[in-house]
Number of protein chains: 2
Amino acid sequence: MSNYETMSLEHYANLLRALSNPHRLQVFQLLSGCCEAGTPCRSDQVLSRCVGDLDQQLEIASSTLSHHLRELHHAGLIDMQRRGKQIFCSVNPDAQSQLRQVLDTISPLNTRPEVTHDR
Amino acid sequence: MSNYETMSLEHYANLLRALSNPHRLQVFQLLSGCCEAGTPCRSDQVLSRCVGDLDQQLEIASSTLSHHLRELHHAGLIDMQRRGKQIFCSVNPDAQSQLRQVLDTISPLNTRPEVTHDR
DNA sequence: CCTATATTTCGAAACATGTCGAATTATGAA
DNA sequence: TTCATAATTCGACATGTTTCGAAATATAGG
């Protein structure tokens with residue numbers, strides 16, 4: 001409503017809110033194709049999974065998963081697209097870059113003590 | 001409780017939860033000394049502010065601010081230290097790096113902006 | 001049309017959150 | 001000790017979240 005800063009403050013808080021639930025965070029991680037600690041990240045393709053696929057990994061009622069997917073979708077974090085009987089979910093890449101922006105607001109990169117040297 | 005992944009999943013979700021409220025996010029930003037978009041970031045020093053100082057910027061009852069500060073503190077995101085009548089808050093740098101870790105889990109750096117047209 | 005499968009919507013219960021003002025505690029100073 | 005200032009705790013209230021199972025909707029295939 002008021003100014004730009006307030007807008008983005010609320011907007012950013014909203015993004016974080018959508019990821020502040022363990023189940024939603026897990027879904028988003030799965031869709032990001034990532035990345036156990038230490039494991040090489042291979043997200044060179046857009047991942048998408050149907051709802052039932054996600055359902056199998058989450059040990060919650062499918063109605064509950066559906067609710068969480070709606071939250072992620074409303075926050076603009078994921079896209080959902082029907083293909084036949086199934087609905088496929090994928091990360092919205094725009095949202096990913098917004099997430100990086102919030103973090104820059106909060107955890108500046110120039111905190112790094114040393115600069116890496118390329119050869 | 002269960003395994004490592006679940007633990008950190010919950011832990012990360014907790015960090016995000018603590019920042020998912022606009023007022024708490026704003027406080028954390030103020031303490032990070034950051035960084036309007038486009039402005040060069042000058043957080044080469046640890047910022048700390050007393051509670052009353054923060055109170056002036058937030059248009060909420062001081063009891064409400066106190067509640068939010070407790071949340072941030074319990075999540076391990078900020079440190080609080082009494083100095084005379086006042087209590088000074090500062091960002092916990094360890095938490096900042098944990099935040100960066102969550103983000104790497106969610107928004108991998110090796111995401112290619114352009115599609116590779118390989119054969 | 002009928003049926004099986006995939007997913008969402010609904011209704012309800014239990015629990016958590018954000019907010020305030022009033023009362024309380026902690027500290028330093030007169 | 002008494003007072004003023006800084007901050008927290010308490011009690012209350014309204015609102016939001018998480019979860020489930022049951023019912024509803026959508027789709028593809030006989």
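Guide: Let's start with a term: a polar contact is a pair of N or O atoms within 3.5 Å; within protein, one must be able to donate a hydrogen and the other to accept it, and residues adjacent in sequence count only if both atoms are side-chain atoms. Before we use it, note that this is a predicted model, where local features need pLDDT of at least 70, side-chain atom pairs count only at pLDDT 80 or more, and totals for chains, interfaces and linings use all residues. Residues are numbered from 1 along each chain as its sequence is written, chains are lettered from A and ligands numbered from 1 in the order in which they are written, and side-chain values use heavy atoms, without hydrogens or water.

Visitor: OK, so which residues come nearest to DNA strand D?

Guide: "Near" here means that a heavy atom of the residue lies within 4 Å of the strand. DNA strand D has 24 residues around it, and A:R17, A:T64, A:H68, B:G52 and B:S66 come nearest. Sugar and phosphate make up 72% of the strand D atoms within 4 Å of the protein. The side chain of A:H68 puts an N or O atom 2.6 Å from a phosphate oxygen of strand D. For A:R17 that side-chain distance is 2.7 Å, and for B:S66 it is 2.7 Å.

Visitor: Which elements supply at least two residues each to that surface?

Guide: Elements are DSSP runs numbered from the N terminus: helices (H or I, at least four residues) and strands (E, at least two). For strand D, they are α2 (22-32) and α4 of chain A, plus α3 (51-58), α4 and β3 (86-91) of chain B.

Visitor: And strand C: which residues are the closest there?

Guide: A:G52, A:S66, B:R17, B:T64 and B:H68, out of 24 that surround the strand. Of the strand C atoms within 4 Å of the protein, 71% belong to sugar or phosphate. A:G52 uses a backbone N or O atom, 2.5 Å from a phosphate oxygen. A:S66 reaches a phosphate oxygen with a side-chain N or O atom at 2.7 Å, and a polar side-chain atom of A:R70 does so at 2.9 Å.

Visitor: How do the residues near strand C divide by class?

Guide: Six are nonpolar, 12 polar and six charged. (Ala, Val, Leu, Ile, Met, Phe, Trp, Tyr, Cys and Pro count as nonpolar, Asp, Glu, Lys and Arg as charged, and the others, Gly among them, as polar.)

Visitor: A:R17 came up earlier. Which side chain does A:R17 meet in a salt bridge?

Guide: The general idea is that side chains of opposite charge can pair when their charged atoms come close. The rule is a side-chain nitrogen of Lys or Arg within 4 Å of a carboxyl oxygen of Asp or Glu. A:R17 pairs with A:E71 at 2.3 Å, N to O. A:R17 sits in helix α1 (residues 4-18) and A:E71 in helix α4 of chain A, so the bridge ties together parts 54 residues apart in sequence. Over all chains, the count is four salt bridges.

Visitor: Last one: at what angle do α5 of chain A and α2 of chain B cross?

Guide: Two packed helices are described by the angle between their axes and the distance between the axes. Here α5(A) (residues 93-106) and α2(B) (residues 22-32) cross at roughly 55 degrees, with axes coming within 8 Å. They are therefore oblique to each other. In contact (heavy atoms within 4.5 Å) are A:V102, A:T105 and A:I106 with B:L25, B:F28, B:Q29 and B:S32. That makes four nonpolar, three polar and no charged residues.

Terms used:
Axes fitted to C-alpha atoms, helices over the stretch in contact; angles between N-to-C directions. Parallel < 35°, antiparallel > 145°, perpendicular 65-115°, else oblique.
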